[in-house]
Amino acid sequence: MPARPRILLLNASLAGDTGNTAALLDHLAARLGPHAELSRLTLANTPGFAACQPALAAADALVIATGTHWDSWSSHLQHFLETATPAEGTALWLGKPVACLVSEHSVGGKGVLSRLQGVLLTLGCMLPPMSGLVLSLAAQTAAEHDPAAAEDFWCADDLAILAHNLLAAAAQARTTPANWLTWPVDRTGFDRRWIHV
Ligand SMILES: Cc1cc2nc3c(=O)[nH]c(=O)nc-3n(C[C@H](O)[C@H](O)[C@H](O)COP(=O)(O)O)c2cc1C
């Protein structure tokens, strides 16, 4: 077992390696890098779940990052989650700490974050406290014009807290692994036709 946790940064941005989400991940990688072995995957370059499976298997913890697109996550992330369905509740996910980053212009990102965290919990992941944040153009603009009023808004500095909590959860999961159980999961028939009328 390596001394440092292995953390996979999964960039689900529509804009791939050059977008806002990639820049957000760069910020986080700078915080995590001194304390973890980082690997990065960009779904725009390697779409779907199959290509990511070896990196997921090797990771002790995950970061998933996406933009907000019409109140939802990116189509790359939707495709990834759909193709990941047969792996629900497997060791790829079970008990793995995951942090989520969402970027947006102004509206919809918190809904994306909450729903994404819900899906990841259902797949089997663990959510450390304060491990999801939304960075918005609106909050950034407000902070530039009225820093006092924007004090409570999420900002890039909050990534330090997210990084700390993810590292703490990854360390705990490695030193004292829990005996998580899974309920029965349908891995083959979830996409069957069930309407007979
Ligand atoms: C097709 C499209 C739809 C978008 N929909 C929303 C939205 O519903 N709410 C919002 O606040 N921003 C929206 N945005 C802005 C993006 O969420 C924002 O620029 C984000 O940082 C993009 O991340 P990326 O550069 O990594 O792709 C949208 C952008 C695009 C291209």
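Glycine 108 is partly exposed, with 18 other C-beta atoms within 10 Å. In this predicted model, glycine 108 sits in the loop that joins S4 to H4. Leaving aside residues up to four places away in sequence, glycine 108 touches Thr68 and Asp71. The C-alpha atom of glycine 108 is separated by 23 Å from that of aspartate 26, a residue 82 positions away along the chain.

Aspartate 71, one of the two residues that glycine 108 touches, belongs to the loop between S3 and helix H3 (75-84). Aspartate 71 is not a glycine, yet its phi is positive, at about 70°. Methionine 130 also has a positive phi, near 50°, and is a residue other than glycine. Methionine 130 lies in the loop between helix H4 (109-123) and S5. What sets the exposure class of these loop residues is the count of C-beta neighbours inside 10 Å: a residue with 12 or fewer is exposed, one with 20 or more is buried, and the rest are partly exposed. The table lists the three loop residues.

| Residue | Loop | C-beta neighbours within 10 Å, class |
|---|---|---|
| Aspartate 71 | between S3 and H3 | 12, exposed |
| Glycine 108 | between S4 and H4 | 18, partly exposed |
| Methionine 130 | between H4 and S5 | 13, partly exposed |

The protein as a whole has six helices and five strands. Read from the N terminus, the order of these elements is β-α-β-α-β-α-β-α-β-α-α. The radius of gyration is 17 Å and the globule rule gives 16 Å for 197 residues, so the protein is as compact as a globular protein of that length. The C-alpha trace spans about 55 × 50 × 30 Å along its principal axes. Of the 197 residues, 36% are buried. Among contacts with a separation of 6 or more, 82% are between residues 24 or more positions apart.

Two of the helices, H1 and H6, can be described in more detail. H1 (20-32) contains 13 residues, and the distance from its first C-alpha to its last is 19 Å, close to the 18 Å expected at 1.5 Å a residue. Its buried residues are Thr21, Ala22, Leu24, Leu25, Leu28 and Leu32. Viewed down the axis of H1, these buried residues fall within an arc of 155°, so they line one face of the helix. They pack against strands S1 (6-11), S2 (37-42), S3 (61-67), S4 and S5 (132-136), and against helix H6 (159-175).

H6 has 17 residues, which should span 24 Å at 1.5 Å a residue, and its end C-alpha atoms are 24 Å apart, in agreement. Leu159, Leu162, Ala163, Leu166, Leu167, Ala169 and Ala170 are the buried residues of H6. Seen along the axis of H6, they fall within an arc of 165°, so they line one face of the helix. The cover over the buried residues of H6 includes S1, H1, S3, S4 and S5.

The ligand has 18 residues around it, of which Ser13, Gly19, Thr21, Gly67 and Ser103 come nearest. H1 and strand S4 (98-104) are the elements that give two or more residues to this shell. By class, the shell around the ligand consists of four nonpolar, 12 polar and two charged residues. Thr21 is thus listed both among the residues nearest the ligand and among the buried residues of H1.

Technical notes:
Residues numbered from 1 in each chain as written. Predicted model: local features only at pLDDT ≥ 70, side-chain atom pairs only at ≥ 80, totals over all residues. Near = placed C-beta within 6 Å. Helix = DSSP H or I, 4+ residues; strand = E, 2+ residues; numbered from the N terminus. Nonpolar A, V, L, I, M, F, W, Y, C, P; charged D, E, K, R; others polar. Expected span 1.5 Å × (residues − 1). Arc of directions from axis to C-beta. Contact = placed C-beta atoms within 7 Å. Rg over C-alpha atoms; globule rule 2.2 N^0.38 Å.
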